[in-house]
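Please look over the model shown here. The questions below take up its domains, its chain contact and one helix pair.

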Amino acid sequence: MIRKLLTGAALAFWIAAVPGALAQGVAPAVYPANYSELVEASKKEPSLLVYSVMAPFNWKPVLDGFQKKYPWIKVETLDLAAQLWDRFYTEKANNARTADMIATLGVDRWIEFNGKGEVLAYKSPEDAALPAWAKPMPGVYALSADPLINVWNKRLVPDGKRMDTMKAVLDFALEQGDKAKGKLTTFDGGVAPLFGAWFHGWSLAYRGEGDIWQITGKLAPFSRYERSGGAMLEKLLSGEYAVAYLTSAITIYPKVASGAAKSLLEWSFVKDGQPLFPRAMAVTKIAKAPASAKLLLDHILTKEGQIAFSQGGLTPVRMDIKAGEIPYPTLGEIYTAVGEKNIGVLEFSDKNAAEILKAVGRFKEVTGR
Amino acid sequence: MHARRSYVSARAVQILTYALVGFLVLLPIVPIVLQSFRATPLYDPGGAWTLSEYVALWHDATFWQAVRTTLIFGLLSTAISLAIGLAAAILVARTDLPGRWLVGFIMLWPAFVSHLVLALGWITAFGPSGFATLWLKEIVGEIPWTLYSLGGLSFAAGTSMAPLTYLYCIGAARTIDSTLESAARIAGAGPIRAMWTVSLPMLRPAVLASAILNFVTSIELLALPLLLGSPSGMEFLTTFVYLRGFEASTPRHGLVAAVAVVLLFAVTALVLIQTKLLGDTRRFVTVGGKATRPRLISLGIWRYPIAIGFFAFEALFIVAVLFAPVVRSFVDVLTPFVPIFDVLTLENFQSIFGYDQFIRSIWNTVLVALIGGFLGTCLIAAAALVSLRSDLPGAAGLGFLALYPRAVPGVLVGMGIVWAVAWVPGLSLLQNTIAILIVAFIMRYLPIGWGAIQPALLQISPDHDRAARSAGAGWLSVVTRVLLPQLRPALGACFMLLFVHFIKEYAAAVFLFAPGSEVIGTTMLTFWFKGDLGAVAALGTLQIAMVLVFMTAYRLIAGGRFGG
């Protein structure tokens with residue numbers, strides 16, 4: 001796995017090293033010769049509409065860079081969360097205006113989307129720079145691989161104890177006994193595949209003693225389950241929770257980077273099993289602005305685009321991004337922190353989609369919810 | 001000749017009103033009813049007509065569990081909202097309680113902010129580590145409640161719905177003929193007894209209207225049950241429906257739609273019960289031909305104790321709960337571990353005002369709330385007048401039609417309208433503009449406005465209509481010259497309610513907003529899902545500010561008042 005990543009990284013480094021590649025409106029040197037046709041085609045297209053689960057503040061740095069390259073393309077983004085797919089399908093069925101490009105999480109719905117033939121098969125010139133799991137289906141590319149992390153309130157977790165493994169979290173709970181009841185939190189894996197995926201992803205990564213369902217069951221008496229990362233964070237800060245395990249890094253990174261939250265909270269990767277969740281994007285087959293969408297997809301996969309998305313807490317999929325180039329840890333840093341063998345990437349596969357559904361049931365079983 | 005022409009145009013106006021309300025309500029409901037008979041989402045071609053979703057509901061143990069929890073929650077929270085709202089309305093309108101205008105004003109506050117923000121306020125104030133909890137713990141020792149329980153949730157929801165009860169009842173309470181109360185006093189009744197046996201029964205139309213709406217609203221609540229109930233593992237009808245319908249691997253839109261259809265029947269039953277309980281509506285006529293000077297009931301020595309008690313209640317459960325998100329909007333983190341002055345910041349507002357989309361969403365919301373509130377009030381007033389004061393055949397049916405939207409989950413309203421837009425020629429012109437949001441929002445809150453106007457209209461004696469008629473006025477003249485001027489407080493309340501609900505709405509917008517037609521509700525969801533609750537609180541603070549500015553302007557310009 002790591003070797004594959006490194007080959008990709010070397011190649012990507014070579015691409016990035018080509019000088020003068022990003023002058024306005026000019027195809028980068030390593031891009032195919034006919035890339036300029038794509039650029040020309042984009043000039044005749046209507047504005048580009050993207051449905052995603054990223055907020056305007058996540059998109060801004062990305063689109064600023066894109067605008068410099070292709071000033072004539074107007075990009076509009078909608079942040080849609082849970083109703084993204086249903087809105088797309090409903091609009092498509094009614095011939096209403098809908099997304100040219102989609103960028104979101106979710107193994108099952110992506111496989112369904114691809115299965116329905118909704119993805120425009122497109123090979124990005126950046127393809128070679130990406131690890132295999134980042135290009136699961138023709139035209140579908142991962143734009144980030146986001147880790148789950150453990151976060152704790154330093155005032156409530158005594159003497160420098162670090163919650164850097166799930167074993168440490170469990171030990172903490174058992175040691176504190178009744179005092180820890182209701183003081184731990186994580187996502188509610190029993191409610192929907194979105195959160196069931198959290199736990200299946202964890203099972204792919206976990207290398208410690210026993211299995212994740214034993215740990216989940218043992219933690220159940222101490223845990224309350226939330227559906228919102230923001231609510232977890234607020235309650236960690238107020239002291240209602242002492243530890244949030246396996247929570248979403250994107251919510252935490254930007255908040256604990258500075259200020260009072262930094263002095264109160266500590267976080268860590270999960271060293272005995274670190275799940276990573278690719279978030280994917282694709283151009284839709286019925287896109288009204290396919291050329292513009294392809295250009296944006298390519299831009300997001302460039303080193304520049306990846307760095308831009310990382311500003312809001314997303315973890316880039318490219319291994320050629322070095323520590324210090326982005327405000328939060330790179331993929332390489334995560335690999336170093338936990339060791340390659342402890343990494344589990346939740347890939348977009350039929351098998352995983354089925355396992356996620358099982359995980360939802362299993363979660364309910366062991367937690368008694 | 002003249003009289004004949006005015007009759008025809010009055011009839012035309014009545015039919016047009018009926019048609020418009022019918023169109024608006026059926027627009028999203030028809031696709032929803034169709035969807036309930038399909039196992040796959042409407043967008044999937046080749047689906048077959050089936051009853052399978054109803055059968056699936058019937059056999060689903062989780063569904064019945066959710067129904068049970070939801071019914072208990074609905075009854076509890078409705079009872080709480082009634083007790084609080086009604087007590088406030090009577091005290092403010094009928095007694096000499098000191099500071100009663102302030103009691104009434106604060107009573108309205110929970111209506112001003114989104115339930116997401118309200119839930120945040122309850123957690124921050126009364127959660128296990130809430131500041132009010134910690135404070136009370138220091139004084140009393142033990143805390144006898146848990147917010148994350150069915151009781152705690154019902155109490156939070158009940159106070160959040162009390163403003164509706166209060167607004168519906170205050171108008172009715174003001175117009176009670178005080179000679180009736182005086183008669184009771186002369187017959188030897190004390191002030192409390194006079195209130196209990198005379199004032200209270202006179203409020204029955206308003207009480208019933210608010211009880212029914214609050215009950216149905218509580219069934220349809222999402223944010224509060226999700227945030228206060230779910231962490232303890234409680235499942236409600238809405239949380240169940242959203243999970244199965246939209247967040248599952250295979251979305252079950254049919255299941256959600258089937259629940260909506262079941263709720264439509266429940267609303268029909270409730271309206272029938274309401275009609276039966278009201279009986280002869282002439283009993284509630286309090287605005288007669290003769291003017292009397294309203295006299296207030298004196299509370300005597302109870303004046304100050306009652307006032308102090310009520311203010312204490314409001315300070316704890318309204319002011320403190322809303323204070324929390326407002327403070328949260330001005331700090332980096334809200335925590336007992338760090339002094340608040342160390343974490344003051346404007347960043348939460350900067351993260352909103354730094355982006356065009358977000359600023360635009362605020363302006364769009366103002367437009368939607370003002371234009372939508374005005375159009376909605378006109379439509380609802382017209383509908384109520386046609387339903388209660390015209391001889392149009394089948395006019396009573398409007399009363400049912402106007403309440404049906406309450407049965408439909410907001411997300412389904414949006415989805416239904418996407419379908420309707422494709423089916424009804426010309427509607428596509430509205431797509432991707434705030435106009436389509438206005439249509440959806442008016443539809444969704446028709447019942448809320450209806451409840452403000454219908455009881456008030458019942459209180460105006462038909463003698464007025466007859467007097468004007470015998471003086472030669474046509475229906476339209478009666479309506480515009482006699483009834484509408486007397487309805488002014490109710491129209492104001494209706495507008496106010498629509499305005500605050502439009503400012504808060506997000507569920508119906510999820511399927512309908514587009515680049516350029518964002519609203520505060522959709523912006524709030526963005527920050528919510530990104531976990532930035534500081535910005536969510538800042539948006540809540542902006543909502544409060546908008547409502548206060550609007551109320552002040554209304555008071556200065558129109559001389560109107562709400563409750564206070």
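Q: Into which domains is chain A divided?
A: The model is predicted. Each domain of chain A is built from two stretches of the chain. Residues 2-145 and 279-340 form one, and residues 147-276 and 345-367 form the other. In order, these are domain 1 (2-145 + 279-340) and domain 2 (147-276 + 345-367).

Q: What distance separates the centres of domain 1 of chain A and domain 2 of chain A?
A: The centres are taken over C-alpha atoms. The two domains are also in contact, through 20 residues of domain 1 of chain A and 21 residues of domain 2 of chain A. The separation of the centres is 29 Å.

Q: Which helix of chain A gives the largest share of the side of domain 1 of chain A that touches domain 2 of chain A?
A: Helix 5 (107-115) and helix 14 (331-338) of chain A each supply at least two residues of this side. By class, the side has 15 nonpolar, four polar and one charged residue. The largest share is four residues, and it comes from helix 5 of chain A.

Q: Which helix of chain B gives the largest share of the side of chain B that touches chain A?
A: The contact between the chains takes 47 residues from chain B and 49 residues from chain A. On the chain B side, two or more residues come from each of helix 11 (223-229), helix 12 (237-247), helix 16 (356-389), helix 18 (410-423) and helix 23 (520-529). The largest share is five residues, from helix 18 of chain B.

Q: How many nonpolar residues are on the side of chain B that touches chain A?
A: This side of chain B also holds 12 polar and five charged residues. The number of nonpolar residues is 30.

Q: Are helix 10 of chain B and helix 13 of chain B roughly parallel or roughly antiparallel?
A: Helix 10 (residues 204-220) and helix 13 (residues 253-278) of chain B pack with their axes 10 Å apart, at an angle of about 165°. Angles over 145 degrees count as roughly antiparallel. Therefore helix 10 of chain B and helix 13 of chain B are roughly antiparallel.

Q: Which class, nonpolar or polar, has 10 residues in the contact of helix 10 of chain B with helix 13 of chain B?
A: Helix 10 of chain B passes helix 13 of chain B in a right-handed crossing. Leu208(B), Ile212(B) and Val216(B) are among the residues of helix 10 that meet helix 13, whose residues there include Leu263(B), Val267(B) and Gln274(B). One residue of the contact is polar and one is charged, and the class with 10 is nonpolar.

How values were computed
Residues are numbered from 1 along each chain as its sequence is written. Chains are lettered from A and ligands numbered from 1 in the order in which they are written. This is a predicted model: local features need pLDDT of at least 70, side-chain atom pairs count only at pLDDT 80 or more; totals for chains, interfaces and linings use all residues. Two residues are in contact if their C-beta atoms, placed from the backbone, lie within 7 Å. Ala, Val, Leu, Ile, Met, Phe, Trp, Tyr, Cys and Pro count as nonpolar, Asp, Glu, Lys and Arg as charged, and the others, Gly among them, as polar. Domain bounds come from an automatic or database domain assignment. Axes are lines fitted to C-alpha atoms, for helices over the stretch in contact, and angles run from 0 to 180 degrees between N-to-C directions. Angles under 35 degrees count as roughly parallel, over 145 as roughly antiparallel, 65 to 115 as roughly perpendicular and the rest as oblique. A crossing is left-handed if the near helix is turned anticlockwise from the far one by less than a right angle, and right-handed if clockwise.
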